[in-house]
Amino acid sequence: MALVLHSGSPNKNAWKGLIAAEYCGVQVELVKDFQMGVSNKTPEFIKMNPLGKVPVLETPDGSVFESNAIARYVTRLKADNPLYGSSLFEYAKIEQWMDFAATEVDPGIAGWLYPRLGYRPFIQQAEELAISNLKRALEALNTHLSANTYLVGHSVTLADIVMTCNLYQGFAWIMMKNFTSQFPHVERYFWTLVNQPNFRKVMGEVKQAESVPPVPSAKKPAQAAQAKESKPKEAKKEVKKEPAKEPAAEEEEAPKPKPKNPLDLLPPSKMILDEWKRLYSNTKTNFREVAIKGFWDMYDPEGYSLWFCEYKYNDENTVSFVTLNKVGGFLQRMDLARKYAFGKMLVIGSQPPYKVKGLWLFRGKEIPPFVLEECYDMELYQWTKVDLSDEAQKERVNAMIEDQEPFEGEDLLDAKCFK
């Protein structure tokens, strides 16, 4: 019987065994029309792997699951295989780097990527920890590769196959050039391997990620999914149980109008938020004399309120691009308040840890409750209402709107506007 691999495609874990097979001259047949969520739920598949996970390799002696175990099995089918090195010591080093790929590299990439794809709940602190751990692993790998073309010895081994497949998910999905350029030897290594004929035959052309996947909006996807699943079931029950004329009754019962946002029910304000946003965007020179003066001329303390915010965990902001992404994600999730708010977020400092501080203008005299409820980032910041009787605080407002540098004695790493 030929070896049969059960897995969807593309799948970086399935590729390990397939690439090893190419180097060993072993024939492995990939199951056609494999559907995740269907094929791996059948009784026949569950007998091969009780967890229903892929890949699974069918052999004459039974099934093997776990991708590294499959790659090892395929490699051992060829006697004195150079993929396993030329000595016991090299064999140990190959196993060492395979474990490193599985326990250091893979979890870091998965911890960063999977929540952004919606496979796990997104938690900001967990993402920062995953990126920090991944950087630590890549720094160690980069140091090793600075003096070595391959992980072990002077040719491709099973360690290189496993490491490259694990790195693929990062390079292809989330590790943009500005991230990987910090590890030039890892970059050189990865692009060298994926362009080897046996790798390319299995993986095809590999392209690097050009953007980081956005964070899924909290609550909404789950609610939408539940509604999508529940509504058809209810409809089917009604069709079966009710007479044909019942749908007409349903049509008569029009959907209730969406309730207005409480902020729309506030008394009219002399400040027109869109006019301020236009003034801010269109002022290119004499910013103080035009935009700042115009802001205070428009500002209505009865209809709007100003708030300072400061990130509570600034000591954790040790990586510049992670800090910038954190702020960008916050502004993205504030989109629900675009009609009622204007904001400036400053990332401060030339060296880590970076400070994140902001200024927000909200409709109403308090922070809108729906913003506090819907945007979880709000609780990560300390919020302080601006005291307009304090000239120092008013000047701080001016400096933040203007992106004044230095700000409070420090350089600005970046300034972002929500408008």
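Reader: Where in the chain is the place of Ser39?
Author: Ser39 follows β2 (28-30) and precedes α2 (43-48). Keep in mind that this is a predicted model. The place of Ser39, then, is the loop between β2 and α2.

Reader: And how far apart in space are Ser39 and His6, C-alpha to C-alpha?
Author: In sequence, Ser39 and His6 are 33 residues apart. Leaving aside residues up to four places away in sequence, Ser39 touches Asp33, Phe34 and Phe45. As for His6, its C-alpha and that of Ser39 are apart by 8.8 Å.

Reader: Which strands stand at the edges of the four-strand open sheet?
Author: The order of this sheet is β2-β1-β3-β4, and its pairing is mixed. An edge strand has a single partner, so one side of it is left without a neighbour in the sheet. From one strand to the next the twist averages 25 degrees. The strands at the edges are β2 and β4.

Reader: Let's zoom in on β4: which residue there stands opposite Val56?
Author: β3 and β4 run antiparallel and are joined by four bridges. Across from Val56, in β4, you'll find Phe65.

Reader: Why are the buried residues of α3 on the same side of the helix?
Author: In α3 (residues 67-76), the buried residues are Ser67, Asn68, Ile70, Ala71, Val74 and Thr75. They sit on the same side because the arc they cover around the axis is only 160 degrees. An α-helix has 3.6 residues a turn, so residues three or four places apart point the same way. The buried set packs against several elements, including β3 (56-59) and β4 (62-65), and the reason for its one-sidedness is that arc of only 160 degrees.

Reader: Which element gives the most residues to the largest nonpolar core?
Author: This core has 62 residues, and among those with the most contacts inside it are Leu138, Leu167 and Phe179. Leu138 touches both Leu167 and Phe179, and also Met175, Phe183 and Val186, not counting residues up to four places away in sequence. With 10 residues, the element that gives the most is α6.

Reader: How many residues does the second, separate core have?
Author: Among its members are Tyr311, Phe362, Cys375 and Met378. The count for this second core is 26.

Reader: What is the order of the five-strand open sheet?
Author: Its pairing is antiparallel. β8 (381-385) and β9 (412-418) each have a single partner strand, so they stand at the edges with one side lacking a neighbour in the sheet. The twist here averages 15 degrees from one strand to the next. Read across, the order is β8-β5-β7-β6-β9.

Reader: Which residue in β7 is the bridge partner of Val347?
Author: β6 (residues 341-348) and β7 (residues 355-363) pair in the antiparallel sense over eight bridges. In one of these strands, β7, the partner of Val347 is Val356.

Reader: At about what angle does α16 run to β7?
Author: Helix α16 (residues 391-402) lies across β5 (304-311), β6, β7 and β8. Relative to β7, α16 runs at about 100 degrees.

Reader: Over which residues is the pLDDT below 50?
Author: For the chain, the mean pLDDT is 87, and 90% of the residues reach 70 or more. The stretch with pLDDT below 50 has five contacts in the model beyond near neighbours in sequence. That stretch is residues 219-256.

Note on methods:
Residues are numbered from 1 along each chain as its sequence is written. This is a predicted model: local features need pLDDT of at least 70, side-chain atom pairs count only at pLDDT 80 or more; totals for chains, interfaces and linings use all residues. Side-chain values use heavy atoms; hydrogens and water are left out. Buried means under 20% relative accessible area, exposed over 50%, partly exposed in between (1.4 Å probe, protein chains only). Helices (H or I, at least four residues) and strands (E, at least two) are DSSP runs, numbered from the N terminus. The arc is that of the directions from the helix axis to the C-beta atoms. Contact means heavy atoms within 4.5 Å. Two strands pair if DSSP finds at least two bridges between them. Axes are lines fitted to C-alpha atoms, for helices over the stretch in contact, and angles run from 0 to 180 degrees between N-to-C directions. pLDDT is the predictor's confidence in each residue, from 0 to 100. A nonpolar core is a set of buried Ala, Val, Leu, Ile, Met, Phe, Trp, Tyr and Cys residues joined through side-chain atoms within 4.5 Å.
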